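Got a minute to poke around a model together? Grab a coffee and have a look at this one.

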Amino acid sequence: MGSSDRLFNRQRSLHEILGGGQDLILWRRKNLTVGILLVTLAVWVVFERSGYTLLSLVSNVLLLLIVILFLWAKSAAILNRPAPPLPQLHLSEEMANEVKTFIRTRVNDLLSVSQDIALGKDSRLFLKVAAYLWIISIIGGLTDFLTLAYTSLFIVLTVPAIYERYEDYIDKYILKGYRKLCLLHLKINEQYVNKVHNWILEKKKLS
């Protein structure tokens, strides 16, 4: 299939666009992808059925973890056994500086964009941000964050793989539908919009 028969006239395949390292999304490592989907589904079911919140579950897991490690360390000291094999928990200064620089750059970008919107410097950006926030507000009113997160992960791990497998068929029908919409737009524009425009011009001439 030529580039003119593909969405956005692209030259590269989906795997090349996503990068060679996106094997997880494109199911090149099928067992790992299925495992992630099953684990996240189990977590979602646990949250939905048990009534746990994210904060309470994380707190309980951490509490259980530190109790096990504490008892393990104490019993190891009494029985002359080796302590729990924990790595050295240390944040290097270099890593801290990298994180700090990354956060500062992103926050400054966000503040700069917010300032441009607040001062009315970029109307197009304002409309985009307003539209995104409106869509997020609608979605947030229909579902909770956990369900939205699982649904988003499910889409990310399934839609690209399905699209890559049936790429030619999907591109064919989407482009066919797009061309029909373009023809419909031209037809409506010729039959109605131009007539209204001409009627307005005639009214202006008469007045």
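Below are some questions and answers about this predicted model.

Local features here need pLDDT of at least 70 and side-chain atom pairs count only at pLDDT 80 or more, while totals for chains, interfaces and linings use all residues. Residues are numbered from 1 along each chain as its sequence is written, and side-chain values use heavy atoms, with hydrogens and water left out.

Q: How many helices does the chain have?
A: Helices (H or I, at least four residues) and strands (E, at least two) are DSSP runs, numbered from the N terminus. Reading along the sequence gives the pattern α-α-α-α-α-α-α. There are zero strands, and the helix count is seven.

Q: In which helix is confidence lowest?
A: The yardstick is pLDDT, the predictor's confidence in each residue, from 0 to 100. The chain averages 78, and 84% of the residues score at least 70. Confidence is highest in H4, at 88, and lowest, at a mean of 57, in helix H1 (residues 14–18).

Q: What percentage of the chain's residues count as buried?
A: Buried means under 20% relative accessible area, exposed means over 50%, and partly exposed is in between (1.4 Å probe, protein chains only). Out of the 207 residues of the chain, the share that counts as buried is 10%.

Q: How far apart are the end C-alpha atoms of H2, and does that agree or disagree with the expected span?
A: The expected span of a helix is 1.5 Å times one less than its number of residues. H2 has 21 residues, so at 1.5 Å a residue it should span 30 Å. The end C-alpha atoms agree with that, at 30 Å.

Q: What arc do the buried residues of H2 cover around the axis?
A: The buried residues of H2 are Thr33, Leu37 and Phe47. They sit on the same side of H2, because the arc they cover around the axis (taken from the directions from the helix axis to the C-beta atoms) is only 95 degrees.

Q: Which residues are exposed on the other side of H2?
A: Opposite the buried Thr33, Leu37 and Phe47, there's a set of exposed residues. On that other side of H2 you'll find Asn31, Leu38, Val39 and Arg49.

Q: Which residue forms a stacked aromatic pair with tryptophan 44?
A: Rings of Phe, Tyr and Trp (its six-membered ring) pair if their centres lie within 6.5 Å; planes under 30 degrees apart count as stacked, over 60 as edge-to-face and the rest as tilted. The structure holds two such pairs. In the stacked one, tryptophan 44 has 6.0 Å centre to centre and 15 degrees between the planes with its partner, tyrosine 150.

Q: How many residues apart in sequence are the parts that this pair ties together?
A: Tryptophan 44 lies in helix H2 (residues 30–50), whereas tyrosine 150 lies in helix H6 (residues 145–165). Tryptophan 44 is partly exposed at 25%, and tyrosine 150 counts as buried at 17%. The pair therefore ties together parts whose separation in sequence is 106 residues.

Q: Which residues do the ring pairs link into a cluster?
A: Tyrosine 150 also pairs with phenylalanine 154: the ring centres are 6.4 Å apart and the planes are at 35 degrees, so that pair is tilted. Both residues lie in helix H6, four residues apart, about one turn of the helix. Phenylalanine 154 is partly exposed, at 39%. The linked cluster is Trp44, Tyr150 and Phe154.

Q: What is the phi of asparagine 80?
A: Most residues other than glycine have a negative phi. Asparagine 80 goes the other way although it is not a glycine. It is found in the loop between helix H3 (54–79) and helix H4 (93–118), and counts as exposed at 70% relative accessibility. Its phi is positive, about 60 degrees.

Q: Over which ring does the charged end of lysine 172 sit?
A: A charge sits over a ring if NZ of Lys or CZ of Arg is within 6 Å of the ring centre and within 35 degrees of the ring normal. The charged end of lysine 172 is 5.7 Å from the centre of its ring partner, tyrosine 173.
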